[in-house]
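Visitor: I should like to understand how the terms used for this structure are justified. Please take me through them one at a time.

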Amino acid sequence: MQKSTDKTATIGMICLDAPPVNALSGDKGIPQAIAAAVQEFDADPAIKAIAIYAAGRFYSAGADIAEFRGNPATDAAPLRSLFEALDASQTPVVLAMHGVAFGGGLEVALAAHYRIAEAKTKLGLPEVSLGLLPGGGGTQRLPRLIAMDKAVEMIITGRPVSAAQALENGLVDALFDGDARAAVLDFATKIINENKPVRRSRDQEIAAFDPAIFDTTATKLAKTAHRNPGPMKALDCLREAAQGPFERSLTFEHRAFDALMEHPQTKGICHAFLGERTAVKIPGLEGQKTSRSMDSVAIIGAGTMGVGIALACMKAGLQTLLLDLKDEALERARANVERQLAGQVKKGRLSQDRADAQLALLTLSTSFADMGDADVIIEAVFEDLGVKESVFRQIDAIAKPGALLASNTSTLDVNLIAAFTNRPQDVVGLHFFSPANIMRLLEIIRADDTSADTLLASAEFARKIGKVGVVVGVCDGFVGNRIFEEYLRQAYLLLEEGATPEDIDGAMEQWGWAMGALKVMDLAGQDIGWAIRKRRKVEQPDRPYSTFPDQICELGWYGQKTGRGYYNYPEGVRGGATNPDVLPMLQAHSIALGLIRRTVTAEEVVERTLLAMINEGAKILEEGIAYRPVDIDVIYLNGYGFGRDRGGPMFQADLMGLKTVLARLEELSKGREGWALKPAAILYRMQEQGLSFADLNAGKTVQTDMQEELV
Ligand code: 3H9
């Protein structure tokens with residue numbers, strides 16, 4: 001923060017200068033310094049107005065989320081003392097916003113006496129999207145400045161408003177173009193010249209409104225309140241604001257905010273926010289950039305995956321070439337692309353002009369020679385090493401020097417694929433998740449010879465096409481599918497022991513997964529899992545699978561695509577209906593195994609599947625396949641529908657505590673097929689060394705007995 005005065009020494013200037021986003025970090029003393037500057041200027045009789053503005057791209061992103069440690073008494077205190085200083089000032093305070101004014105940053109503005117905003121500013125209280133509520137007086141001051149229904153809308157949805165809307169609804173006094181410092185000086189001079197008084201938002205009356213808004217909004221929120229408690233609690237605070245007086249309802253808001261800060265789901269959502277920004281950084285390459293251009297893409301293979309990748313690239317404005325050997329495949333692909341774009345236009349998600357512009361970026365060709373100019377080449381052909389070999393040898397012969405050469409393999413060894421070329425340093429795995437134009441996750445697979453610049457280029461490509469790109473090492477299934485296999489194994493074992501598909505999926509969805517494991521298998525196509533299990537039987541005879549899913553496949557019940565799987569999919573039934581034949585099959589299967597079916601509780605389903613994931617995640621860390629626990633969390637949050645409020649499997653392990661995780665794994669590993677849950681060795685070492693997964697995210701390392709660094 002910088003403090004100065006204007007030329008006439010009548011305006012006290014406070015410049016917020018904490019890049020990259022001017023977060024109001026209490027640890028760095030920012031709110032404290034602003035409060036002290038306000039108090040000093042206020043005490044100076046020569047100062048007639050105080051002007052606050054910010055340097056950099058944004059006015060402020062609000063409180064520093066990284067400092068939410070679940071200790072509200074200390075976490076929120078510095079910012080709250082700033083609001084008190086603003087309220088206490090006898091000198092008018094003018095504040096200028098530009099870029100974004102979010103959360104605590106907007107709350108500082110609400111506590112100032114006059115507010116102006118640059119014409120393109122976005123103003124919002126997005127705290128609910130972090131599982132929180134505006135806890136710096138936002139729920140109390142906003143409805144005193146704008147109509148209650150508008151305040152409810154802004155706070156409950158967390159959606160920002162434009163500067164023009166803010167002017168219209170009374171949130172700001174004026175708009176400006178250009179420099180925030182010059183604008184705030186002008187406005188402060190005007191305040192002095194017009195002898196304008198101190199004007200505290202806290203002293204203003206809430207305008208008359210229809211109180212029914214609270215009940216109607218509460219009814220709408222009831223459906224999602226168990227996933228994210230923030231919006232409903234924020235509504236309570238707004239209701240309280242209407243009761244007044246300010247001081248009492250402000251205390252109510254502070255208590256509600258503080259309680260949410262300690263809520264595990266809020267912690268999970270904040271972990272997800274910061275985690276997504278951490279996982280995209282490649283350790284050792286932070287701050288480095290690739291010099292390669294990334295403007296054109298060639299995709300080989302015009303199947304469902306190829307089309308999904310093409311759509312993602314076209315959306316990002318990249319020249320997109322889709323290659324296939326057969327004209328019919330390309331014709332089908334074009335029809336598919338056109339259908340998907342038209343669908344988006346119909347739903348109002350895309351204008352016709354933009355759809356046309358995206359389509360104009362697409363070229364289709366059967367001639368591989370056409371990919372010679374592409375900056376990025378992505379192979380998305382059949383999952384067979386022989387086919388990949390032939391494709392990569394052609395790519396190697398045609399691609400320009402420095403092109404990024406990627407395989408979309410989900411199971412094959414990227415080292416073997418890289419070896420089909422004379423430039424293994426340029427080869428990487430880019431594992432998209434289906435549908436590739438929708439799912440945000442991109443696993444970036446680093447092979448042994450992949451160069452640092454190829455990784456940087458892959459990360460930049462991911463960012464460009466709107467994906468969360470997480471770098472992982474080579475192993476069967478990489479990070480996501482390798483963990484998924486262990487999680488599925490437990491789901492199948494639970495079916496044998498007494499659960500029904502509805503028990504499994506219901507428990508998981510209720511806990512926070514977007515879709516239960518068995519419904520996912522029905523959606524993905526059971527035949528794919530069947531093929532993997534057949535391979536596993538040969539490769540890993542010591543890790544036997546439940547044979548029940550094979551029985552389902554033997555009947556040709558591959559899931560949604562055949563109308564039958566663990567569930568039935570009659571026309572018009574969304575999400576599947578009970579398949580009445582499954583339970584008798586399960587009963588017979590359990591008898592054949594000598595098992596007496598028992599009640600499997602929802603807690604057991606959640607615990608066992610989660611422990612299996614945590615254990616496999618720990619092994620993945622031990623082997624150095626993932627850099628950090630948070631990378632695993634981000635993969636699950638963005639590629640597998642793990643509930644955002646649950647923060648990811650490794651975050652859950654910390655919530656349970658390592659001691660509990662180990663004790664439960666040890667217990668379960670004594671049971672049926674217990675080998676699958678035998679605790680990973682790294683968990684014991686972490687326990688001995690008093691380390692959590694959060695510690696590993698923060699850069700601490702696990703020492704082996706020989707004191708060598710593992711993670
Ligand atoms: C709050 O204010 C509570 C109060 O009501 C009550 C107090 C008592 N804190 O997204 P980007 C970092 S709750 C800490 O990549 P963009 C981010 O991690 C807060 N760090 O850039 C990243 O770090 P790095 C309510 C933050 O241009 C860097 O800034 N506020 C924060 O795409 C760049 O971020 C929000 O929820 C933060 N608040 O988007 C706003 N914000 O450089 C959340 C960002 O190490 N933030 N960082 O990778 C956003 O919406 C976007 O980050 C923003 C910039 C639009 C600002």
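**Strands, helices and a cavity**

Guide: Strand E5 and strand E7 (residues 122–124) run parallel and are joined by three bridges. The model is predicted: local features need pLDDT of at least 70, side-chain atom pairs count only at pLDDT 80 or more, and totals for chains, interfaces and linings use all residues. Residues are numbered from 1 along each chain as its sequence is written, and side-chain values use heavy atoms, with hydrogens and water left out.

Visitor: What makes E5 and E7 a pair of strands?

Guide: Strands are DSSP runs of E with at least two residues, and helices are runs of H or I with at least four, numbered from the N terminus. Two strands pair if DSSP finds at least two bridges between them. E5 and E7 have three bridges, so they pair. Within this pairing, Ala-101 stands opposite Leu-123 of E7.

Visitor: Why are E5 and E8 called edge strands?

Guide: The open sheet has three strands in the order E5-E7-E8, with mixed pairing. Strand E5 (100–102) and strand E8 (161–162) each pair on one side only.

Visitor: Which strands stand at the edges of the six-strand sheet, and why is one side of each left without a neighbour?

Guide: That open sheet follows the order E1-E2-E3-E4-E6-E9, and its pairing is mixed. Strand E1 (2–5) and strand E9 (174–176) are at its edges; each has a single partner strand, so one side has no neighbour in the sheet.

Visitor: What makes the enclosed space lined by Tyr-487 and Trp-511, among others, a cavity?

Guide: On a 1 Å grid over the protein atoms alone, a cavity is a set of points where a 1.4 Å probe fits but cannot get out; lining residues have an atom within 4 Å of a point. The structure holds one cavity of 30 Å³ or more. The largest cavity has about 40 Å³ of space, a volume being the space filled by probe spheres set on the points, which are joined across faces, edges and corners.

Visitor: Which helix gives the largest share of the lining?

Guide: Helix H25 gives four residues, the largest share. Helix H20 (501–511) and helix H25 (602–622) are the elements that give two or more.

Visitor: How do you know which class prevails in that lining?

Guide: Ala, Val, Leu, Ile, Met, Phe, Trp, Tyr, Cys and Pro count as nonpolar, Asp, Glu, Lys and Arg as charged, and the others, Gly among them, as polar. By this rule the lining has seven nonpolar residues, one polar and no charged.

Methods. On a 1 Å grid over the protein atoms alone, a cavity is a set of points where a 1.4 Å probe fits but cannot get out, and a pocket is an open set with protein on both sides within 12 Å along at least five of seven lines; lining residues have an atom within 4 Å of a point.
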